[in-house]
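Hi,

Here is the structure I promised to pass on. Have a look at it first, and then read my notes below.

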Amino acid sequence: MKLFQYIRDIIAPQKCYACRREGHFFCPECRTDFSCYDPFCYVCKKASTWFLLHEKCNTSGSLSKVIVYGKYNRTILQKLISDGKYYGKKEVFQDLGRELGRFLSLHHYLQEFDDYIVISVPMHFLRRWKRGYNQSDILTKEIAESLGLRCSTNIIMRRRYTKQQSHLWRSERLQNLAGAFGVKKDDIKYIKNKNIILVDDVVSTGSTLREVASVLKLYGAKEIIGLVVASD
Ligand SMILES: [Zn+2]
Ligand SMILES: [Zn+2]
């Protein structure tokens, strides 16, 4: 693996998307351009301390906050994510994962650090098979490593797409979610009474994040925080 990386770095070295300097996909000098805005609530997009959801915005009650690193419509961040997802440049997400870890510790968005487990949002298996990897898994591993936290990329299984949750009764919701996302019986112990950081690459409506968070809540998770690279 190391040899492969060495050869790859010689043939196609990583270059900063902004200034073209070699060594990173976004170098320390340029990265401040990506995350230069204040914390906000991802539902209404208005300012909010620590990225907490406003009470009126938190209808599902499953996520306490969604921490967003940067804006998707900033061209460079958008290009990085799109190259990482659609053009096989999965190393982009290793860089982004490390950056998210740095971002979290720099701004103290978590209080009791060692009490969290980092979990990735699962990808539909057909899409994963086509792409060969789930970018959220790559982000999750890098974030956990940089913060010294435990992580899991396979606790949640995605079985199918879900129906709109809001029109269903609670019992139907549980059934709907239970069918869409599952947790293996042996893995429930990793969720029960745990604080969780749920990782995805981009958030728009946030329905997937909310659905996965609801499933984690069903299995007894304590606090669940969303963490994403970008929001539109
Ligand atoms: Zn640069
Ligand atoms: Zn809000």
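**Two helices, a sheet and a pocket**

Helices α2 and α3 pack with their axes 8 Å apart, at an angle of about 130 degrees. (Helices are DSSP runs of H or I with at least four residues, strands are runs of E with at least two, and both are numbered from the N terminus; axes are lines fitted to C-alpha atoms, for helices over the stretch in contact, and angles run from 0 to 180 degrees between N-to-C directions.) That makes the two helices oblique to each other, because angles under 35 degrees count as roughly parallel, over 145 as roughly antiparallel, 65 to 115 as roughly perpendicular and the rest as oblique.

Before you go further: this is a predicted model, where local features need pLDDT of at least 70 and side-chain atom pairs count only at pLDDT 80 or more, while totals for chains, interfaces and linings use all residues. Residues are numbered from 1 along each chain as its sequence is written, chains are lettered from A and ligands numbered from 1 in the order in which they are written, and side-chain values use heavy atoms, leaving out hydrogens and water.

Which residues of α2 meet α3? They are Leu-77, Leu-80, Ile-81, Gly-84 and Lys-85, and their partners in α3 are Val-92, Phe-93 and Leu-96 (contact means heavy atoms within 4.5 Å). Six residues of this contact are nonpolar, one is polar and one is charged. (Ala, Val, Leu, Ile, Met, Phe, Trp, Tyr, Cys and Pro count as nonpolar, Asp, Glu, Lys and Arg as charged, and the others, Gly among them, as polar.)

Now the sheet. It is open, with five strands paired in parallel in the order β1-β7-β6-β2-β3 (two strands pair if DSSP finds at least two bridges between them). β1 (65–71) and β3 (150–152) sit at the edges, each pairing on one side only. On average, neighbouring strands are turned by 25 degrees against each other, direction ignored. Strand β2 (residues 116–120) pairs with β3 over three bridges, in the parallel sense, and Ile-117 has Arg-150 in β3 as its bridge partner.

Helices pack here too. α5 (residues 135–147) touches β2, β3, β6 and β7, and its direction makes about 135 degrees with that of β6. α3 (residues 91–107) lies across β1, β6 (195–203) and β7 (224–231), running at about 120 degrees to β1.

Have fun exploring!
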